[in-house]
Amino acid sequence: MKPASPKLDLGIDRALSVPVYLQICHRFKTAIAQGHLHSGDRVPAVRGLAMELNVARGTVEMAYRILADEGYLQVRGAAGTIVSSALPVSVSGPARAGKPPPATSAAASPHGSGAPKPYQLGLPAIDAFPRKVWNRLVAHRLRSGDASAFAYPDPAGFWPLRERIATYLGLSRGVECVPEQVFVTTGYRATLELVLRSLASPDDAFWFEDPGYILARRFLLEVNARLVPVPVDAHGISVERGLALNANARFAVVTPSHQSPMGVTLSLERRMALLDWAKANGSWVIEDDYDSEFRYAGRPLPALKSLDQHDRVIYSGTFSKVMFPGLRLAYVVAPLSATQRFHEVSASMNAGSPYLLQASVTDFMAEGHFARHLKKMRLLYAHRREITARALSEVFGERLSINLPPGGLQMAAHFVDGTDDAAVADRANPGGFGEQALSRWYMAAPPQSGLVLGFANIVDEDQAMRRALELKRAADA
Ligand SMILES: Cc1ncc(COP(=O)(O)O)c(C=O)c1O
């Protein structure tokens, strides 16, 4: 049975000359006409509503009787009162009012939401996550009755999780930090917000990779950051071009391990040049290390932060790829010199992340499931990357040039014949493919036509082939 609509506003005005029971009738009729209440929706019980409105039960009973007589409500005794299933057309509201129009492909999040799509970006293998283990850990925390679960969480993050993250980063990413530097956030955008509020001033310029992560670009533009698009080539962001475009930028936002979306790795020479520039200029480098745990050729590269001798790199990581994005848990390592500032800002900016999830992730790490899962996923993704690329090359032939990425969960592929990638993505996405038009990720550099495709949810060769054929149909339409 459907609950009463939370949008029902029954504020009563006793100063009006209209009797209260008629005001109640009027509010119900309006809610139905405006589509906030629908046929079959349950309305509040008489006693509950009377208490809520601070009126006598008889007043509400009278209103309900009138509404039932007029055909708006159906009284079903102990089964409760519902909005009539046979409302006259003239009074029934629009289909579920308040639903926003669907976002256009260009404006929608590249990660989508809801059920996973085969080429959806940024999504780890949903079928391969150890759900039983996870459910057990969450249930255990839930049952523990720990009083912390009911109190406000620490806005900087659950301390044992901050400790675990610091240890993990030291061992796996070469990032030396203390837990006090680690701040848990609800995702990369929250991380950026924390960084900006802690360190940025209104006129600061930001080097931004071109092409670059579309959601970060939108966020930064939204907060009026002055973006300086800096071209990306086979060695990552061109520091030389950055210097020529704006040597005094205060920030550089980069994806050194696995450039988003091109998949290239920032060369050692450029890493050093970036750090030298940041030191000389007193600038900050925001290292977005979103999916570096997955590397298929050679060993995972240490983070840029591991080379940072002068405390200029702000390291950003996430649990979205190594666990799952529905968690909404990420983290940022503040520069030592700015840790106190981050602390103050995080305390005033947000109310923290849910205790239950943070505590369960801590257990997931402490019991070794995290490391085991990563190990398994590296093998699985290497296979899925390969079958996805093979099927696409077989189906598209030379028309599509695929950059097989050395790491990560997505690949970029170029149309060599100038196919209109945005049109392909728009045609394919209503069918639920999830791939993105590469040209939309550019700002100032001449856009390449191509597709950015997630491959973690392509489960076998058969599916890889079927999806590639469907995509080809969309490209040919
Ligand atoms: C380039 C890039 N940075 C960061 C993230 C992490 O975002 P979040 O932690 O908000 O899920 C993603 C997710 O796909 C990404 O693609």
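This tour visits the domains of the model and then the interface of domain 2 and domain 3.

**The domains.** The structure is a predicted model. Begin by colouring three selections: domain 1 at 1–92, domain 2 at 129–371 and domain 3 at 372–476. Next, keep domain 2 and domain 3 in view; their centres, taken over C-alpha atoms, are separated by 26 Å.

**The interface.** Select the residues of domain 2 in contact with domain 3: there are 33 of them, and they meet 28 residues of domain 3. The size of an interface is often given as the accessible area lost when the parts come together. Here the two domains bury about 2700 Å² between them, with 62% of that area on carbon and sulfur atoms. Now show M262, F294 and Y296 as sticks; together they supply 26% of the area that domain 2 buries against domain 3, more than any other three residues.

**Polar and charged pairs.** A search for salt bridges across the interface of domain 2 and domain 3 finds zero. Polar contacts, by contrast, join 22 residue pairs across this interface, counting pairs with both residues at pLDDT 80 or more.

**The elements on the domain 2 side.** Which elements give two or more residues to the side of domain 2 that touches domain 3? Select β4 (205–210), α7 (214–222), β5 (226–233) and α12 (369–396) to display them. Of these, α12 gives the largest share, three residues.

**A final colouring.** Colour the side of domain 2 that touches domain 3 by residue class; 19 residues will appear as nonpolar, seven as polar and seven as charged.

Methods: Residues are numbered from 1 along each chain as its sequence is written. This is a predicted model: local features need pLDDT of at least 70, side-chain atom pairs count only at pLDDT 80 or more; totals for chains, interfaces and linings use all residues. Side-chain values use heavy atoms; hydrogens and water are left out. Domain bounds come from an automatic or database domain assignment. Contact means heavy atoms within 4.5 Å. Buried area is the accessible area (1.4 Å probe) that two parts lose on being put together, summed over both. A salt bridge is a side-chain nitrogen of Lys or Arg within 4 Å of a carboxyl oxygen of Asp or Glu. A polar contact is a pair of N or O atoms within 3.5 Å; within protein, one must be able to donate a hydrogen and the other to accept it, and residues adjacent in sequence count only if both atoms are side-chain atoms. Helices (H or I, at least four residues) and strands (E, at least two) are DSSP runs, numbered from the N terminus. Ala, Val, Leu, Ile, Met, Phe, Trp, Tyr, Cys and Pro count as nonpolar, Asp, Glu, Lys and Arg as charged, and the others, Gly among them, as polar.
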